[in-house]
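Biologist: I should like to learn how the terms used for a protein model are justified. May I see the structure, and then ask for the reasons behind each term?

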Amino acid sequence: MSLESVKRFFAERQLDIPIIELDVSTATVALAAEAHGVEPGRIAKTLAFRISDGSVLLLVARGDARIDNRKFKAAFGKGRMLPAEEVETLTGHPVGGVCPFGLATPLPVYLDSSLQAFDEVLPAAGAVHSAVRLAPARLAEIVAGQWVDVCQETGPA
């Protein structure tokens, strides 16, 4: 169902973006990087947060990035990651397949500037064995995402 919502999202917007479906799980950054033969940083992980005003947002960051609490608080106020059940209810995607496409609930999407170190990243596509390959700028355009800097500095790409 979730993969179908991503396919529908792309079709409705006439986006010619192939969805990569594998026979192995890509539910974690490490598994996805191994399955796609890329470094972990190229995996674009989508995290869901509830911030202090009660609203929910999605943050897409490079796979090897960690949230910098000080930067996050400066950008959004206090926040906490949502539990898996709530993430699946709000996004329509299972944890391990969460992505900013084909969401069950419209949510604001933010992209951490850490993604810009790469010419191409791989976010999931609604299932624990699916992904797409695209440039970070294209990803931001497709999901009407806003760029933020809320992750800790990482090593060279």
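**From values to terms**

Biologist: Why is D119 called exposed?

Modeller: The relative accessible area of D119 is 58%. Exposed means over 50%, buried means under 20%, and partly exposed lies in between (1.4 Å probe, protein chains only). D119 is therefore exposed. Please note that this is a predicted model, in which local features need pLDDT of at least 70 and side-chain atom pairs count only at pLDDT 80 or more, while totals for chains, interfaces and linings use all residues. Residues are numbered from 1 along each chain as its sequence is written, and side-chain values use heavy atoms, with hydrogens and water left out.

Biologist: What makes the contact of D119 with R42 a salt bridge?

Modeller: A salt bridge is a side-chain nitrogen of Lys or Arg within 4 Å of a carboxyl oxygen of Asp or Glu. The N to O distance between R42 and D119 is 2.9 Å, so the pair meets the definition. D119 lies in the loop between β5 and β6 (122-123) and R42 in the loop between α2 (29-36) and β2, 77 residues apart. Helices and strands here are DSSP runs, numbered from the N terminus: helices are H or I with at least four residues, strands E with at least two. R42 also forms a salt bridge with E39, at 3.6 Å from N to O. With a relative accessible area of 34%, E39 is partly exposed.

Biologist: How do you know that K71 is buried, and what does its side chain meet?

Modeller: K71 has 15% relative accessibility, and therefore counts as buried. Its side chain meets that of D149 in a salt bridge of 3.2 Å, N to O. This pair links helix α3 with the segment after β8 (146-148), 78 residues apart. D149, at 41% relative accessibility, counts as partly exposed. Elsewhere, E4, K7 and E21 are joined into one network by salt bridges that share partners. The whole structure has ten salt bridges.

Biologist: Why is D68 said to have no salt bridge?

Modeller: The nearest side chain of opposite charge, R70, is 4.1 Å away from D68. Lys and Arg count as positive and Asp and Glu as negative, with His and the chain ends not counted. A salt bridge requires a distance within 4 Å, so D68 and R70 do not qualify. D68 is nevertheless buried, in the loop between β3 and α3 (69-76). Not counting residues up to four places away in sequence, D68 touches V150, C151 and Q152, where contact means heavy atoms within 4.5 Å.

Biologist: How do you know that V87, L90 and T91 lie on one side of α4?

Modeller: V87, L90 and T91 are the buried residues of helix α4 (residues 84-91). They cover an arc of only 85° around the axis, which puts them on the same side of α4. The arc is that of the directions from the helix axis to the C-beta atoms. E85 and T89 are exposed, on the face turned away from the buried side. The cover over the buried residues of α4 includes β2 (43-51) and β3 (56-62).

Biologist: What makes β2 and β3 a pair of strands?

Modeller: Two strands pair if DSSP finds at least two bridges between them. Seven bridges join β2 to β3, so these antiparallel strands pair. They form a hairpin with four residues between them, and T46 has V60 of β3 as its bridge partner. Three bridges also join β3 to the parallel strand β5 (residues 109-112), where L111 stands opposite V60. Seven of the seven residues of β3 are buried.

Biologist: What makes the phi of Q14 worth noting?

Modeller: Most residues other than glycine have a negative phi. Q14 is not a glycine, yet its phi is positive, about 50°. Q14 lies in the loop between α1 (2-12) and β1 (20-21) and, at 74% relative accessibility, counts as exposed. A144, in the loop between α5 and β8, also has a positive phi, near 50°. The relative accessible area of A144 is 63%, so A144 is exposed as well.
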